[in-house]
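Student: Can we go through this one together? I'd like to start with the metal site and then zoom out.
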Amino acid sequence: MGRKGTEIAAKSGMDVKELIKKLNKAYADEWLAYIQYWTGAQVIEGKMRPDIQKELMEHAGEELGHAQKLADRIIQLGGTPILDPKDYFKQTNCGYLVPSNFDSKELLKQNIAGERCAISVYNDILEYVRKGKDAITFHIIRGILEDEAEHEQDLEDLQTDVLAK
Ligand code: FE
Ligand code: FE
Ligand code: MG
């Protein structure tokens, strides 16, 4: 753990343990989002399949990148990222929508719901670390939030196109 870094975060009056809990819940969300996107991209059928498949795979990779950033920060703060995937389901905020309907429109709808949940989760964490004056976590979460907003927009654009076909 980064001792000085944790010290600074704790000195600001922020509850570092509570923050680690929040980051771990988001970490669970990211793994489940990764799996949901990746799996959806394998089974997708219907309108605009190649375009949507490509976007789903791209987003899968970016969710994994978010999981990496969260794991790094959790460790810097003296915590341990969730070790057992079973706990992803216990800790998740946004859950896992099983991509059992392979239709491209349905997959888009599910993943848009996931992005909207992610946006509100990261907004809450951002508010928490803003109040706690943790500039490093703020910067990391702000970057992830920006990606999630972009993900939502990308999927909404595809949804507009697919519905117009
Ligand atoms: Fe993400
Ligand atoms: Fe996302
Ligand atoms: Mg994209």
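Student: How far apart along the helix are Glu-63 and His-66 in H3?
Tutor: About one helical turn, because they are three residues apart in helix H3. Keep in mind that this is a predicted model.

Student: Is His-66 buried or exposed?
Tutor: His-66 counts as buried, at 1% relative accessibility. Glu-63 is buried as well, with a relative accessibility of 1%. The cut-off for buried is under 20%.

Student: Which protein donors does the iron ion (ligand 1) have?
Tutor: Glu-30 (OE) appears twice, then come Glu-63 (OE), His-66 (ND1) and Glu-148 (OE). They lie 2.0 to 2.4 Å from the ion.

Student: What's the sequence spacing for that site, the iron ion (ligand 1)?
Tutor: The donor residues follow E-x32-E-x2-H-x81-E.

Student: And what coordinates the iron ion (ligand 2)?
Tutor: Glu-63 (OE), Glu-115 (OE) twice, Glu-148 (OE) and His-151 (ND1). Distances run from 2.0 to 2.4 Å. In sequence, the donor residues of this iron ion (ligand 2) are spaced E-x51-E-x32-E-x2-H.

Student: Which residue bridges the iron ion (ligand 1) and the iron ion (ligand 2), and how far apart do they lie?
Tutor: Glu-63 bridges them, and the two ions lie 3.8 Å apart. Glu-63 and Glu-115 also link distant parts of the chain. Glu-63 sits in helix H3 (residues 49-76), Glu-115 in helix H5 (residues 104-131), and they are 52 residues apart.

Student: Glu-115: buried or exposed?
Tutor: Buried, since its relative accessibility is 2%.

Student: OK, zooming out. How many helices and strands does the protein chain have?
Tutor: Six helices and zero strands. From the N terminus the order is α-α-α-α-α-α. The chain is as compact as a globular protein of its length, because its radius of gyration is 17 Å, close to the 15 Å that the globule rule gives for 165 residues.

Student: What box do the C-alpha atoms fill?
Tutor: Roughly 55 × 30 × 20 Å, along the principal axes.

Student: What share of the chain's residues is buried?
Tutor: 41% of the 165 residues.

Student: And contacts between residues at least 6 apart: what share joins residues at least 24 apart?
Tutor: 80% of them.

Student: Surface next. What is the accessible area of the chain?
Tutor: About 8,800 Å², with 55% belonging to carbon and sulfur atoms.

Student: Last one, charges. How far apart are the mean positions of the positive and negative charges?
Tutor: 7 Å, for 22 positive and 29 negative charges.

Terms used. Residues are numbered from 1 along each chain as its sequence is written. Chains are lettered from A and ligands numbered from 1 in the order in which they are written. This is a predicted model: local features need pLDDT of at least 70, side-chain atom pairs count only at pLDDT 80 or more; totals for chains, interfaces and linings use all residues. Side-chain values use heavy atoms; hydrogens and water are left out. Donors are N, O and S atoms within 2.8 Å of the metal (3.2 Å for Na, K and Ca); water is not among the atoms, so sites may look incomplete. Helices (H or I, at least four residues) and strands (E, at least two) are DSSP runs, numbered from the N terminus. Buried means under 20% relative accessible area, exposed over 50%, partly exposed in between (1.4 Å probe, protein chains only). The radius of gyration is taken over C-alpha atoms; the globule rule is 2.2 Å times the number of residues to the power 0.38. Contact means heavy atoms within 4.5 Å. Accessible areas come from the Shrake-Rupley method with a 1.4 Å probe; for residues, only the protein chains shown count as cover. Lys and Arg count as positive and Asp and Glu as negative; His and the chain ends are not counted. The place of a charge is taken as NZ of Lys, CZ of Arg, CG of Asp or CD of Glu.
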